[in-house]
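This report covers a helix contact, aromatic pairs, backbone exceptions and burial. Please view the structure below alongside the text.

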Amino acid sequence: MINRRAFGKTVGAGVAATAAASLAGRLDSSPTAVASTTPPPGKTAATAGRAMGHTSFTSLKHVRAGELRIGYAETGPANGPAVILLHGWPYDIHSYVDVAPLLAAEGYRVVVPYLRGYGTTTFLSPKTFRNAQQAVFALDVIALMDALRIEKALLGGFDWGARTADIIAALWPERCKALVSVTGYLVTDREKNKQPLPPAAEWAWWYQYYFATERGELGLAEHRHDFAELIWRNVSPTWHFDDATFDRTAAAFDNPDYVGIVIHNYRWRLGLAAGDPRHDGIEAKLARGPAIAVPTITVDGSSDPFTPAGDGAAYRARFTGPYAHRTLKDTGHNVPQEAPEAFAQAVWDADRL
């Protein structure tokens, strides 16, 4: 039998191009990057460093919101300015386990929800369509904000979470005070997705095509933890996470709707699965590539295979309001967990753009 840890480490080593570097002080100093390295008030590099290494959230809650009973972590003063942090696939709320206390220490009310299909977030009805088109995640977050009586929040996210935050910022700017978006503008253009990419880019998306098959759906169901660990090592080649770190997140994949949500999301993006007709109007707006005018900081991980070349130039025109871009050296796809201080700094700075 192949040991999944040894296998993952072997594959990860083959993908990694450089050794791990320090997480601190990685903000790009190139002329195209606007990068603040000033700690938030009351913080020093030493005190911020001591805030790292958290393994759990002290407060886990649930609330009925829209179609869901959403599980979420919350920290910070209840009357502080709200920050909502959104994870991606295959990750969970622990991507922000070090970011959240840094922001809470500065007076923010930090809310970190499990997306539909993950962790303790469940559907209220077994009859509800297990839909995972892009619009529905944004509607989930709006419903969460309504349930928690949050009128406006700073939004931060990566992967699916960045896409969700981008959509809210674009279509409901009155609910978004400022935005931190990893890999920039991620609103899905399904028409554009019909066009092939260069082979190297297609290779990075190999799992999308796997998930388009019944074999892929069965493979994800049977090997969901090993699959996620392989993805982590491939897209974060300089992040040397330990078994305990991975296992804390992998528990979120035992949600009964996890496989269905993941498969539908990727099939929908490729035009292989239909969404909910109730959301056709929203998707039509998103298909036009709406600009984002709220204050925004975009962040790229230099070691992330999905980072486009050019220090954010590929998506710069999509952001029409106050804006800054940062490239984090030796950082992969899971930016908030790999570089929590830099991510927290970006949220704090976006609030002041």
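## Helix H4 against helix H5

In this predicted model, the axes of helix H4 (residues 134-147) and helix H5 (residues 160-171) come within 9 Å. They cross at roughly 70°. That angle makes H4 roughly perpendicular to H5, because the range of 65 to 115 degrees counts as such.

H4 brings Gln-134, Phe-137, Ala-138, Val-141 and Ile-142 to the contact. H5 answers with Trp-160, Arg-163, Thr-164, Ile-167 and Ile-168. Sorted by class, the contact has seven nonpolar, two polar and one charged residues.

## Overall make-up

The protein chain holds 14 helices and nine strands. It has 353 residues, and 56% of them are buried. Contacts reach far along the sequence: among those between residues at least 6 apart, 80% join residues at least 24 apart.

Helix H14 (residues 340-350) is largely enclosed by the rest of the structure, because 10 of its 11 residues are buried. The buried residues of H14 are Pro-340, Ala-342, Phe-343, Ala-344, Gln-345, Ala-346, Val-347, Trp-348, Asp-349 and Ala-350.

## Aromatic pairs

A pair of aromatic rings is described by the distance of the centres and the angle of the planes. A search of the whole structure gives 32 aromatic pairs. One of them joins Trp-89 and Tyr-266, with ring centres 5.5 Å apart. Their planes stand at 70°, so this pair is edge-to-face; the cut-off is over 60 degrees. The two residues come from distant parts of the chain, 177 residues apart. Trp-89 sits in the loop between strand E3 (82-86) and helix H3 (99-104), while Tyr-266 belongs to helix H11 (residues 258-269). Trp-89 is buried, at 1% relative accessibility. Tyr-266 is buried too, at 1%.

Tyr-185 and Phe-319 form another edge-to-face pair. Their centres are 6.1 Å apart, with 80° between the planes. Tyr-185 lies in the loop between strand E7 (176-182) and helix H6 (199-204). Phe-319 lies in the loop between strand E8 (296-301) and strand E9 (323-328). The pair therefore ties together parts that are 134 residues apart in sequence. Tyr-185 has a relative accessibility of 11% and counts as buried. Phe-319 is buried as well, at 3%.

## A charge over a ring, and a buried histidine

Which residue lies over the face of Phe-123? Arg-130 does, at 4.1 Å from the ring centre.

Arg-130 is also among the residues touched by His-264, which is placed in helix H11. Not counting residues up to four places away in sequence, His-264 touches Phe-129, Arg-130, Asn-131, Ala-132, Gln-133, Ala-273, Ala-274 and Gly-275. Is His-264 buried or exposed? His-264 is buried, because its relative accessible area of 10% falls under the 20% cut-off.

## Backbone exceptions

Most residues other than glycine have a negative phi, and most peptide bonds are trans. Three sites here depart from that pattern, as follows. The peptide bond from Trp-89 to Pro-90 is cis, with omega near -5°. Pro-90 is found in the loop between E3 and H3. Trp-89 of this bond is also the ring partner of Tyr-266.

Arg-149 has a positive phi, near 55°. Arg-149 is in the loop between H4 and strand E6 (153-157). With 77% relative accessibility, Arg-149 is exposed. Thr-183 has a positive phi as well, near 70°. Thr-183 is in the loop between E7 and H6. In contrast to Arg-149, Thr-183 is buried, at 7% relative accessible area.

## Ile-150 in the H4 to E6 loop

Ile-150 shares its loop, between H4 and E6, with Arg-149. Arg-149 is exposed, whereas Ile-150 is buried, at 4% relative accessible area.

What does Ile-150 touch, not counting residues up to four places away in sequence? The partners are Ala-82, Arg-109, Val-111, Met-145 and Arg-175. The C-alpha atoms of Ile-150 and Arg-175 are separated by 8.5 Å, and the two residues are 25 apart along the chain.

Terms used
Residues are numbered from 1 along each chain as its sequence is written. This is a predicted model: local features need pLDDT of at least 70, side-chain atom pairs count only at pLDDT 80 or more; totals for chains, interfaces and linings use all residues. Side-chain values use heavy atoms; hydrogens and water are left out. Rings of Phe, Tyr and Trp (its six-membered ring) pair if their centres lie within 6.5 Å; planes under 30 degrees apart count as stacked, over 60 as edge-to-face and the rest as tilted. Helices (H or I, at least four residues) and strands (E, at least two) are DSSP runs, numbered from the N terminus. Buried means under 20% relative accessible area, exposed over 50%, partly exposed in between (1.4 Å probe, protein chains only). A charge sits over a ring if NZ of Lys or CZ of Arg is within 6 Å of the ring centre and within 35 degrees of the ring normal. Axes are lines fitted to C-alpha atoms, for helices over the stretch in contact, and angles run from 0 to 180 degrees between N-to-C directions. Angles under 35 degrees count as roughly parallel, over 145 as roughly antiparallel, 65 to 115 as roughly perpendicular and the rest as oblique. Contact means heavy atoms within 4.5 Å. Ala, Val, Leu, Ile, Met, Phe, Trp, Tyr, Cys and Pro count as nonpolar, Asp, Glu, Lys and Arg as charged, and the others, Gly among them, as polar.
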